Amino acid sequence: MSSAAPLSSAEAILAAAKELKLRRLAAMPPPEAIGKAKKARKPNNHDARCRLRIPHSEYRELVKLKKRLAKRGFPSKKGQLVRAGLLLLGHVDLIDLKVAIRNVIAPEPLLYKVK
């Protein structure tokens, strides 16, 4: 048989499969990279604890809000209220947020004492 003789269909399929296998092996990353990919860290989705110091007057407002929600049939915890407030702050206009921060840093003086 000469080398120019046409291949049978079975031989052509085997040759194509071999060529495809060689291409796949050439495209694969080296074995060290595969081992490193397995050691990749999973995302950090656990809760973080945070202590926050707030003035007593603001704490009283938080408790009042908690009681008001409980009266309307929606009991909640103080931490949940703080988290909900944080989500709302994320959607507030930047100018309003700056005004709110300014009021926290240097609040306007009260003309009378609130009990």
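**View 1. Five helices in a row along the sequence.** Going along the sequence, this predicted model reads α-α-α-α-α. The tally is five helices and zero strands. Of its 115 residues, just 3% count as buried.

**View 2. Where α3 meets α4.** Here we zoom in on a helix pair whose axes sit 10 Å apart and pack at an angle of about 100 degrees. That angle falls within the 65 to 115 range, so α3 is roughly perpendicular to α4. On the α3 side, look for Tyr-59, Leu-62, Leu-65, Lys-66 and Leu-69. Their partners in α4 are Lys-78, Leu-81 and Val-82. Sorted by type, the residues of this contact come out as six nonpolar and two charged, with no polar ones.

**View 3. Ser-76, in the loop between α3 and α4.** This close-up sits on the stretch linking the two helices of the previous view, and Ser-76 is found in that loop. Is Ser-76 buried or exposed? Its relative accessible area is 10%, under the 20% cut-off, so Ser-76 counts as buried. Leaving aside residues up to four places away in sequence, Ser-76 touches Lys-66, Leu-69 and Leu-81. Those three also turn up in the contact of α3 with α4: Lys-66 and Leu-69 from α3, and Leu-81 from α4.

**View 4. The largest pocket.** This one holds about 1,300 Å³ of space. There are 25 residues lining the pocket, and those closest to its centre are Leu-52, Lys-78, Leu-81, Val-82 and Arg-83. Which elements give two or more residues to the lining? They are α3 (56-71), α4 (78-89) and α5 (94-105).

**View 5. A second look at the pocket lining, by helix and by residue type.** The biggest share of the lining comes from α4, which supplies nine residues. By type, the lining splits into 15 nonpolar, seven charged and three polar residues. Lys-78, Leu-81 and Val-82, among the residues closest to the pocket centre, are the α4 residues that meet α3. Leu-81 is also one of the residues that Ser-76 touches, so keep Leu-81 in sight when moving between the views of the loop and the pocket.

Definitions and conventions
Residues numbered from 1 in each chain as written. Predicted model: local features only at pLDDT ≥ 70, side-chain atom pairs only at ≥ 80, totals over all residues. Heavy atoms only, no water. 1 Å grid on protein atoms, 1.4 Å probe; cavity = no way out; pocket = protein on both sides within 12 Å on 5 of 7 lines; lining within 4 Å. Points joined across faces, edges and corners; volume = space filled by probe spheres on them. Helix = DSSP H or I, 4+ residues; strand = E, 2+ residues; numbered from the N terminus. Nonpolar A, V, L, I, M, F, W, Y, C, P; charged D, E, K, R; others polar. Buried < 20%, exposed > 50% of the residue type's maximum accessible area, 1.4 Å probe, protein only. Contact = heavy atoms within 4.5 Å. Axes fitted to C-alpha atoms, helices over the stretch in contact; angles between N-to-C directions. Parallel < 35°, antiparallel > 145°, perpendicular 65-115°, else oblique.
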